[in-house]
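Trainee: Could we go through this structure together, one term at a time? I would like to learn how each label is earned.

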Amino acid sequence: MKKLFIYYSHSGNGELVAEKMKEFGYDIRRIKPKKDLSKKFFFAVMKGGFLAGINHKSKLIDYDNDISEYDEIAIGSPIWNGKLSSPINTVLSLTNLCDKKLNFILYSGGGSAPKAIKKLKNLYNCQIIELKEPKKYLDELDKLNNLN
């Protein structure tokens with residue numbers, strides 16, 4: 001069974017998750033937006049939160065939406081303003097996830113994302129794992145051991 005982890009990361013939390021997913025046998029596909037957020041935390045939070053709040057879809061650099069060779073897909077997204085990041089909104093709109101075993105891994109400073117979880121549960125039959133700042137709390141990565 002081939003597995004793929006598709007993720008976006010602005011602050012580095014997604015990279016830590018990707019390293020762990022690679023250990024679990026996932027191929028890795030990092031998403032890169034054409035216009036990324038500011039490196040300054042305050043401006044990144046403000047703009048990212050606004051874009052997520054309006055369910056914006058970012059333009060991506062060379063995104064390959066062909067997942068036909070994979071049986072299981074995991075998608076990693078930071079949580080902005082309680083919602084999925086705008087680059088991941090784009091992935092969801094461009095990628096046919098039907099007939100795939102699906103997991104979402106959400107990483108955020110707040111540690112809880114009820115709006116994002118509600119959206120995902122309404123759209124997909126999936127497992128959702130929430131991580132609170134894996135860069136700061138490395139033991140949060142242990143939750144990934146619960147992937148079915």
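**Asn103 and its surroundings**

Mentor: Let's begin with Asn103, which touches Tyr26, Glu72, Ile73, Ala74, Ile75, Gln127 and Leu147, not counting residues up to four places away in sequence. Contact here means heavy atoms within 4.5 Å. Please keep in mind that this is a predicted model, where local features need pLDDT of at least 70, side-chain atom pairs count only at pLDDT 80 or more, and totals for chains, interfaces and linings use all residues. Residues are numbered from 1 along each chain as its sequence is written, and side-chain values use heavy atoms, with hydrogens and water left out.

Trainee: Why is Asn103 called buried?

Mentor: Buried means under 20% relative accessible area, exposed means over 50%, and partly exposed is in between (1.4 Å probe, protein chains only). Asn103 has a relative accessible area of 1%, so it counts as buried. Asn103 is found in strand β5; helices (H or I, at least four residues) and strands (E, at least two) are DSSP runs, numbered from the N terminus.

Trainee: What makes the link between the side chains of Asn103 and Glu72 a polar contact?

Mentor: A polar contact is a pair of N or O atoms within 3.5 Å; within protein, one must be able to donate a hydrogen and the other to accept it, and residues adjacent in sequence count only if both atoms are side-chain atoms. The side chains of Asn103 and Glu72 come to 3.0 Å, so the distance meets that limit.

**Salt bridges**

Trainee: How do you know that Asp27 and Lys2 form a salt bridge?

Mentor: The definition asks for a side-chain nitrogen of Lys or Arg within 4 Å of a carboxyl oxygen of Asp or Glu. For Asp27 and Lys2 the N to O distance is 3.9 Å, so the pair qualifies. Asp27 lies in strand β2 (residues 26–30) and Lys2 in the segment before β1 (3–7), so this salt bridge ties together parts that are 25 residues apart in sequence.

Trainee: Are Asp27 and Lys2 buried, exposed or partly exposed, and what makes them so?

Mentor: Asp27 has 32% relative accessibility and Lys2 has 36%. Both values fall between the two cut-offs, so both residues count as partly exposed.

Trainee: How many salt bridges does a search of the whole structure find?

Mentor: The search finds seven. One of them joins the side chains of Glu15 and Arg30 at 2.9 Å, N to O. That pair links distant parts of the chain, with Glu15 in helix α1 (residues 13–23) and Arg30 in strand β2, 15 residues apart. Glu15, at 22%, is partly exposed, and Arg30, at 37%, is partly exposed too.

Trainee: What separates Glu23 and Lys20 along helix α1?

Mentor: They are three residues apart in α1, so about one helical turn separates them. Their closest N and O atoms are 3.9 Å apart, and they form a salt bridge. Glu23, at 61%, counts as exposed, whereas Lys20, at 18%, counts as buried. Elsewhere, salt bridges that share partners join Lys2, Asp27 and Glu69 into one network.

**Strands and helices**

Trainee: Why is β1 described as largely enclosed by the rest of the structure?

Mentor: Five of the five residues of β1 are buried, so the description fits. Lys3, Phe5 and Tyr7 are on one side and Leu4 and Ile6 on the other, so both faces are covered.

Trainee: What makes β1 and β2 a pair?

Mentor: Two strands pair if DSSP finds at least two bridges between them. β1 and β2 have five bridges, in the parallel sense, so they pass. Phe5 stands opposite Ile28 in β2. β1 and β3 also pair in the parallel sense over five bridges, and there Ile6 has Ile75 as its bridge partner.

Trainee: How do you know that the buried residues of α4 line one face of the helix?

Mentor: In helix α4 (residues 114–123), Ala116, Ile117 and Leu120 are buried. Seen down the axis of α4, the buried residues fall within an arc of 95 degrees, so they line one face; the arc is that of the directions from the helix axis to the C-beta atoms. The face turned away from the buried side carries the exposed residues Pro114, Lys118 and Asn122.
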